[in-house]
Amino acid sequence: MNFDLTEERQMLQDTLRRYLSDKYDTASRNKIIDSDAGMSAEVWAQLAELGVIGALFTEEDGGFGGKGFDISTVFEELGRAGVVEPFLDTAILGGGLLAAIGSDDQKALVEEVIGGGLHLALAHGEPASRFDLSRVETTAKADGGDIVLNGRKAVVVNAEAADHLIVSARESGSAADKDGISLFLVEKDAAGLTMRGYPMLAGGRAAEVTLDGVKVPASARLGEAGKGFAPLMDVIAKANVALAAEALGAMHSAVELTREYLTTRKQFGRPIGTFQALAHRYSDLLIEMEQATSAVINAAGHLEVDAAERDRQIASTRNLIGRVGRLVAEESIQMHGGIAMTKEYELAHIAKRIVMTDHRFGDTDYHLERFIELSAA
Amino acid sequence: MDLNYTAEEVAFREEVREFLKEKLPKELSAKVKARKHLSKDDMERWHAILNEKGWLAPNWPKEFGGAEWNAVQKHIFEEETARAGSPRIVPFGLSMLAPVLQKFGSKEQQDYYLPRILNGDDWWCQGYSEPGAGSDLASLKTRAVREGDHYIVNGQKTWTTLGQYANMIFCLVRTDTEVKQQEGISFLLIDMNTPGIEVRPIILLDGVHEVNEVFFDNVKVPVENLVGEENKGWTYAKYLLTHERTNIAGVGYSQAGLESVKRIARAESANGKPLIENPYFAARLAQVEIDLMAMATSNMRIISKAAAGQAPGVESSMLKVKGTIIRQELNDLARRAVGPYAMPFPSESVEGDNDPIGPDYAAPVSAAYFNNRKLSIFGGSNEIQRGIIAKVKMGG
Ligand SMILES: Cc1cc2nc3c(=O)[nH]c(=O)nc-3n(C[C@H](O)[C@H](O)[C@H](O)COP(=O)(O)OP(=O)(O)OC[C@H]3O[C@@H](n4cnc5c(N)ncnc54)[C@H](O)[C@@H]3O)c2cc1C
């Protein structure tokens, strides 16, 4: 047993934490959130240069990490600072799929991703699919040597900035079948592809994407026809580790802000943290944070095991993080009083980040249900 | 024991329902139900409709133009208006200031301000809290110094709800710094257009401009604007707070909230079935509904006592705590129910006439979840209420 980070990961964590505490303070971050792009090209480029994206890929794929603990290390730091830039979308989901099942040409794009020069988005969820990962109604039909895509994709994070979208579409089977789903690399300005972009509550941007007879060559298919579901599940497993770690980082910040506030805010002539009613609740947060920290270690440490056990571990982690995350967000706001309700205050953003991770790739209940299923299997 | 309304109460409820069917503008109730933001005009319009009917001021005695309803009637009215999707009535003038003026104000103040409140001539806001004085309100520092026939006011108020629309603010100010905190506070009525007042917006975490900071820099306030006696403001403020605590359980809001969660959960599907049939979601929903059913009866028990003339004591603190927990739980369920569509920022769809992103019911729910964290913070935080309950019951 050894719970220390390797030297490389420790360095990565230090570098990232230092950069973010220098360059990504509340005011600059809030400016980024309010900007039209909803992200900073400069921050993106600098973090890429610091190796943050490279750390999310294996050596084989041109990076220098890519394991569960690399992902959790990076995302915990991003979460601490409430980073809104789309590392999950471009690197983990988009880059992850290219690296895993792309053709040689497609794989070549990974280098650009790692360098910070290319953005990607995964267009998988649909208006009626909720968290059901195999529910794909978008269709892919052969038309001569080409393939024609039709359908709608919902809340596609980073769609507007993406150079390419990875679109899931059904080549066979019925709406919820795992078989028959294929993945296609579609250029952002492909004819027939339109999007309605919008900002998100916790920062960043997403879009509703419509595919109306979008024609792509067969070579745009990623991996085998109709076999897209398993690789999709693999990157979503990574995304779940990333989301859990991001939430954990944000939760650390929330608890730390709460500690500071409890010791400095005075009412009735004394620091409010000296009221036992608050002191005990703060202690409860710390107790739950230990649970949350361990849960993320469990998920990250099982990312490379067989899929069934991996997914069971991940479901358990996301359920626990969902529960503790809500507790931490709500209790931190409550113990701050009015100040935490203001948009400019750091905790307001951090609390939104925490709660909103519970709306991607399954919420607390979804992961509970999944944990029960996978445990029974 | 009889859980049913009496015949008169039922008749009254019918009358309220009839009125709402006829007079509540559809555009307004549609906006309320979709949780769209209400404009100042929207709020004033409903205010005027109620005033015309004589139902604007259920609390007020008849001599001042009120309806003088008993507690059960008020409850019925609140329940029915919440269910019908009526805009909320801005409480600051009607339910907070007016009772103080009726009890402690001069004849001139009553004659001048009370009709203006009913007619909507004045929009009042509440200037109690300060950056350093929240739960510990008595520590407030905004200073008023008497100079001839004026007070000169200096200091800052904060969290002033809808202060951006207000032309009048009632304030607690410090008029004596030598005595015990509670004994040096006075209750002043201040015209927001007086030179030296500056209102700055505070944007809340859901992006909404709902509260403000109000700065006072050598603001001259005529002494006639003092309510009651100098340095007795704390007594009046405490009296006001007991009025702030009527309808504190928010049963009507919760019932409307429950219906709205059910509507969403019927429309959403999870794994090909309506979400409302998903056992995990259904269990959460049932749990809240069970709590709400009991709380509605608690509320009626306390209201019946009040109708019989017994002043509610710690029970209103208990209702505040339970009521806000239930409302916040319903906000949480609504947010969960919409899945990924909780993520878009709602401003575009909530403010304007833009098409919603995703299903229309999804647009406001995340913002409402975050915004309603305020329910357990203001009006005496839930921690302060718990402190009161224990103190009263243990004789502290
Ligand atoms: C949206 C919103 C609208 C508002 N509108 C108005 C308005 O129109 N006019 C107005 O005057 N005010 C208004 N308020 C202010 C509101 O009344 C205060 O926020 C409230 O009194 C709490 O004060 P505070 O925010 O300074 O928190 P604090 O008093 O600093 O409290 C911080 C935390 O400490 C806890 N705490 C404090 N004392 C104790 C204790 N003795 N024991 C245990 N726990 C304790 C609190 O419960 C809270 O959890 C509004 C607030 C909000 C958020």
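Okay, let's start with the surface of chain B: the accessible area comes to about 17,800 Å², and carbon and sulfur atoms account for 51% of that. Before I go on, keep in mind that this is a predicted model.

Staying with chain B, the secondary structure runs to 13 helices and 9 strands. If you lay the C-alpha atoms along the principal axes, they fill a box of roughly 75 × 50 × 45 Å. What about the radius of gyration? For 396 residues a compact globule would come out near 21 Å, and chain B has 22 Å, so the two agree.

Now the inside. Of those 396 residues in chain B, 52% count as buried. And how much of the contact set links residues 24 or more positions apart? Taking the contacts in chain B with a separation of 6 or more, the answer is 71%.

Charges, quickly. Chain B carries 47 positive and 52 negative ones, and their mean positions sit 5 Å apart.

Next, cysteines. I searched the whole structure for disulfides, and the count over all chains is 0. Take Cys125(B): this residue is in no disulfide, and the nearest cysteine sulfur belongs to Cys171(B), 7.3 Å away. Why no bond from the Cys171(B) side? Because the closest cysteine sulfur, in Cys125(B), is 7.3 Å off, and that's too far; the cut-off for a disulfide is 2.5 Å. So are these two buried or exposed? Cys125(B) has 0% relative accessibility, so that one counts as buried. Cys171(B) is at 1%, so Cys171(B) counts as buried too.

Last topic, backbone angles. Most residues other than glycine have a negative phi. Here are two that go the other way, one in each of chains A and B.

In chain A, look at Arg130(A), which isn't a glycine but has a positive phi, near 50°. Where is that? You'll find Arg130(A) in the loop between strand S1 (120-123) and strand S2 (139-143) of chain A. With 12% relative accessibility, Arg130(A) counts as buried, because the limit for buried is under 20%.

Over in chain B, the residue to click on is Leu162(B), again not a glycine, with a positive phi near 55°. Leu162(B) lies in a loop as well, between strand S3 (150-157) and strand S4 (168-174) of chain B. Buried or exposed? The relative accessible area is 8%, so Leu162(B) is buried.

That's what I had, so let's open it up for discussion.

Methods: Residues numbered from 1 in each chain as written. Chains lettered and ligands numbered in written order. Predicted model: local features only at pLDDT ≥ 70, side-chain atom pairs only at ≥ 80, totals over all residues. Heavy atoms only, no water. Buried < 20%, exposed > 50% of the residue type's maximum accessible area, 1.4 Å probe, protein only. Helix = DSSP H or I, 4+ residues; strand = E, 2+ residues; numbered from the N terminus. Rg over C-alpha atoms; globule rule 2.2 N^0.38 Å. Contact = heavy atoms within 4.5 Å. Areas by Shrake-Rupley, 256 points an atom, 1.4 Å probe, with all protein chains shown as cover. Lys, Arg positive; Asp, Glu negative; His and termini not counted. Charge placed at Lys NZ, Arg CZ, Asp CG, Glu CD.
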